[in-house]
Structures are given as structure tokens and as C-alpha cells.
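This briefing sets out selected computed features of one structure for use in modelling work. The sequence and the coordinates come first, and the notes by topic follow.

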Amino acid sequence: LGSDVRVVHDGLAALTELESTRFDGFISDLDLPALDGFALAGIVAARYPGLFRIAVTARADPEAEIRARESGFQAFLRKPVTREQWLQVRKVVSES
């Protein structure tokens, strides 16, 4: 979809990557080792307020979206994510 991405395997590694590289957006699962996506989103929102934050999860519970948004995520997607959903989120990000 025309994006340059970096993959890390836990929340602490994500923070390290964010400190060393400039990004336009941030996509994270909610269930990460070391530092979960909820805590990570709060830190990212505080440190990088202009960075658009997207949660992606396999969680089915309705509370996951509420908690994700309260934690600092601006968009929320449930797995499996379709191409159309990604394109819709990218449009929202580009307009913000």
C-alpha cells in the first residue's frame, strides 16, 4: 500500500524505534510483550502528539475499542483487516 514500515516485537522496542526515527503514523497490536499496546499508546500520545495512532487487534470484546481510544489510539481495526479498511484508515490519516 505504498508505506515504509518498521516491525518490532514488543512495546519497549517500539519506543526505542520511535526515538531514533521519524514516522508519520504508528500501528500497534494491543497485546504486546514487555509493554502492552494500551500503555504504549498513552506514552506515544504524550511524547509524539502529532503522530497518528492505529490499534489493530484480534480481540472480540467491545471494551477493547473503548479502552484503546481512551489510551490514545485514534483509529481501531479488528483482525483480519481488509485492504479496504486499510485504505479507509489511510485516507483518514492523510486528512488529519
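Leu35 is found in the loop between strand 1 and helix 2. With a relative accessibility of 16%, under the 20% limit, Leu35 counts as buried. Its C-alpha atom is 30 Å from that of Glu84, and the two residues are 49 apart in sequence. The model is a predicted one, and every value below is computed from it.

**The loop between strand 1 and helix 2**

- Ala34 is found in this loop as well, between strand 1 and helix 2 (37-47).
- Ala34 has a positive phi of about 75°, although it is not a glycine.
- Ala34 has a relative accessibility of 60%, which is over 50%, and therefore counts as exposed.
- Leu35, by contrast, is buried at 16%.

**Strand 1 and strand 2**

- Strand 1 and strand 2 run parallel and are joined by five bridges.
- Gly25 has Phe52 as its bridge partner in strand 2, and Asp29 has Val56 as its partner in that strand.
- The side chains of strand 1 alternate along its length. Phe26 and Ser28 point to one face and are buried, whereas Gly25, Ile27 and Asp29 point to the other and are not.
- Ile27, in strand 1, counts as partly exposed because its relative accessibility of 49% falls between the limits of 20% and 50%.
- The C-alpha atoms of Ile27 and Asp4 are separated by 12 Å, and the residues are 23 apart along the chain.
- In strand 2 (residues 52-57), six of the six residues are buried, so this strand is largely enclosed by the rest of the structure.
- Both faces of strand 2 are covered. Phe52, Ile54 and Val56 are buried on one side, and Arg53, Ala55 and Thr57 are buried on the other.

**Aromatic rings**

- A pair of aromatic rings is described by the distance of the centres and the angle of the planes.
- The count for this model comes to one aromatic pair. The rings are those of Phe26 and Phe73, whose centres are 6.4 Å apart and whose planes are at 15°; the pair is stacked because that angle is under 30 degrees.
- Phe26 lies in strand 1 (residues 25-29), while Phe73 lies in the loop between helix 3 (63-71) and strand 3 (75-78), so the pair ties together parts that are 47 residues apart in sequence.
- Phe26 and Phe73 are both buried.
- A separate contact involves Phe38: the charged end of Arg67 sits over its ring, 3.8 Å from the ring centre.

**The largest pocket**

- The largest pocket holds about 980 Å³ of space.
- Its lining is made up of 29 residues, of which Asp4, Val5, Gly25, Phe26 and Ile27 lie nearest the centre of the pocket.
- Helix 1 (11-20), strand 1 and helix 4 (83-95) are the elements that give two or more residues to this lining.
- By class, the lining comprises 15 nonpolar, six polar and eight charged residues.
- Phe26 thus appears both among the residues nearest the pocket centre and in the stacked pair with Phe73.

**Residues in helices 2 and 3**

- Arg47 lies in helix 2 and counts as partly exposed, with a relative accessibility of 46%.
- The C-alpha atoms of Arg47 and Leu18 are separated by 9.7 Å, although the residues are 29 apart along the chain.
- Ile66 is found in helix 3. Its relative accessible area is 52%, over the 50% limit, so Ile66 is exposed.
- From C-alpha to C-alpha, Ile66 and Arg90 are 21 Å apart in space, with their positions 24 residues apart in sequence numbering.

**A cis peptide bond**

- Lys79 and Pro80 are joined by a cis peptide bond, with omega about -5°.
- Pro80 is found in the loop between strand 3 and helix 4.

Terms used
Residues are numbered from 1 along each chain as its sequence is written. This is a predicted model: local features need pLDDT of at least 70, side-chain atom pairs count only at pLDDT 80 or more; totals for chains, interfaces and linings use all residues. Side-chain values use heavy atoms; hydrogens and water are left out. Rings of Phe, Tyr and Trp (its six-membered ring) pair if their centres lie within 6.5 Å; planes under 30 degrees apart count as stacked, over 60 as edge-to-face and the rest as tilted. Helices (H or I, at least four residues) and strands (E, at least two) are DSSP runs, numbered from the N terminus. Buried means under 20% relative accessible area, exposed over 50%, partly exposed in between (1.4 Å probe, protein chains only). A charge sits over a ring if NZ of Lys or CZ of Arg is within 6 Å of the ring centre and within 35 degrees of the ring normal. On a 1 Å grid over the protein atoms alone, a cavity is a set of points where a 1.4 Å probe fits but cannot get out, and a pocket is an open set with protein on both sides within 12 Å along at least five of seven lines; lining residues have an atom within 4 Å of a point. Grid points are joined across faces, edges and corners, and a volume is the space filled by probe spheres set on the points. Ala, Val, Leu, Ile, Met, Phe, Trp, Tyr, Cys and Pro count as nonpolar, Asp, Glu, Lys and Arg as charged, and the others, Gly among them, as polar. Two strands pair if DSSP finds at least two bridges between them.
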